[in-house]
Amino acid sequence: MQKLILYIGLTFLVVGCKGEQRVAFEASNVFSSKGVEIPVYDFENFEHLLTINDGKTRVINFWATWCKPCVAELPYFELINSRYPDKEVEVILVSLDLPNQVETKLIPFVKKQHIQSKIVLLDDPDANTWIPKVNENWSGSIPATIIYKGNTSNFYERSFTYDELERELKKML
């Protein structure tokens, strides 16, 4: 319960960006089960996460439990998450699983795989509108990853090995 209260409180934090202030994105729902909490966002509330300019490098991976190449590369994102805690790197795993399968598939998967990276569920059925807002060249296939810091961003519509992922991350550090 304390985690949920803390999370809700964090959702209302104000993010400073070049003198501007914006309210952090707000989840439409939070699934919580077996010690795992997964906030749910539509694209409008998720989008600001793609442009935060706070000096932190973000690795944002779009994936789903039903995507075999996505699942195969998740351990590499977890390694990045654990190996770069002091370098201001944030790994965010954006699940595209169906909301009605969060409790039956996504949460058990997260628990079984011991995933420690931040996980959010993007629930916005109008993919034809939001996919080009993520990247104009994205066909919509997953896995897809964005690595960005400030105004510098690289988009990858492919899976990674650990060495490839780390090499791309180091370009941003």
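Of the contacts in the protein chain with a separation of 6 or more, 64% are between residues 24 or more positions apart. What you are looking at is a predicted model. The protein chain has six helices and nine strands, and 44% of its 173 residues count as buried.

I will start with the core. The largest nonpolar core contains 53 residues, and the ones with the most contacts inside it are Ile38, Phe46, Ile60, Phe62 and Trp130. Take Ile38 as one of these. Beyond its neighbours within four places in sequence, Ile38 contacts Asn29, Val30 and Phe31 on one side of the numbering, and Val102, Leu106, Ile107, Val110, Ile119, Val120 and Leu121 on the other.

Val120 is on that list, and it belongs to strand β7, residues 118-122. Is Val120 buried or exposed? It counts as buried, because its relative accessibility is 0%. Once residues within four places in sequence are set aside, Val120 is in contact with Ile38, Pro39, Tyr41 and Phe46, and also with Ile92, Leu93, Val94 and Ser95. For Val120 and Phe46, the C-alpha atoms are 9.1 Å apart, with their positions 74 residues apart in sequence.

Next, Asp42. This residue sits in the loop between β4, residues 36-41, and α2, residues 43-46. Asp42 has a relative accessible area of 28%, so it is classed as partly exposed. Leaving out residues up to four places away, Asp42 touches Leu122, Asp123 and Asp124. The C-alpha atoms of Asp42 and Asp126 are separated by 9.5 Å, and the two residues are 84 apart along the chain.

Now helix α3, residues 68-83. With 16 residues at 1.5 Å each, α3 should span 22 Å, and the distance between its end C-alpha atoms is 24 Å, which agrees. There is a kink in α3 all the same: about 30 degrees at Leu74, shortly before the proline Pro75. Buried in α3 are Cys70, Glu73, Leu74, Phe77, Glu78 and Ile80. What do these buried residues pack against? The partners are β5, β6, α4 (102-113), β8 and α6.

Cys70 also takes part in a disulfide, with Cys67, and the two sulfur atoms are 2.3 Å apart. The count for the model comes to one disulfide. Its S-S torsion, for Cys67 and Cys70, is about 75 degrees, and therefore the disulfide is right-handed. Both ends can be checked for burial. Cys67 has 5% relative accessibility and so counts as buried. Cys70 is buried as well, its relative accessible area being 0%.

Last, helix α6, residues 162-170, where Tyr162, Leu165, Glu166, Glu168 and Leu169 are buried. Viewed down the axis of α6, these buried residues fall within an arc of 160 degrees, so they line one face of the helix. As a general point, an α-helix has 3.6 residues a turn, so residues three or four places apart point the same way. Which elements do the buried residues of α6 pack against? They meet two elements already mentioned, β5 (57-63) and α3 (68-83), together with β6 (89-95), β8 (144-149) and β9 (152-156). The α3 side gives the matching view, with α6 listed among the elements that the buried residues of α3 pack against.

Terms used
Residues numbered from 1 in each chain as written. Predicted model: local features only at pLDDT ≥ 70, side-chain atom pairs only at ≥ 80, totals over all residues. Heavy atoms only, no water. Core = buried A, V, L, I, M, F, W, Y, C linked by side-chain atoms within 4.5 Å. Buried < 20%, exposed > 50% of the residue type's maximum accessible area, 1.4 Å probe, protein only. Contact = heavy atoms within 4.5 Å. Helix = DSSP H or I, 4+ residues; strand = E, 2+ residues; numbered from the N terminus. Arc of directions from axis to C-beta. Disulfide = S-S within 2.5 Å. Expected span 1.5 Å × (residues − 1). Bend = angle between axes of the 7 residues up to and from the residue.
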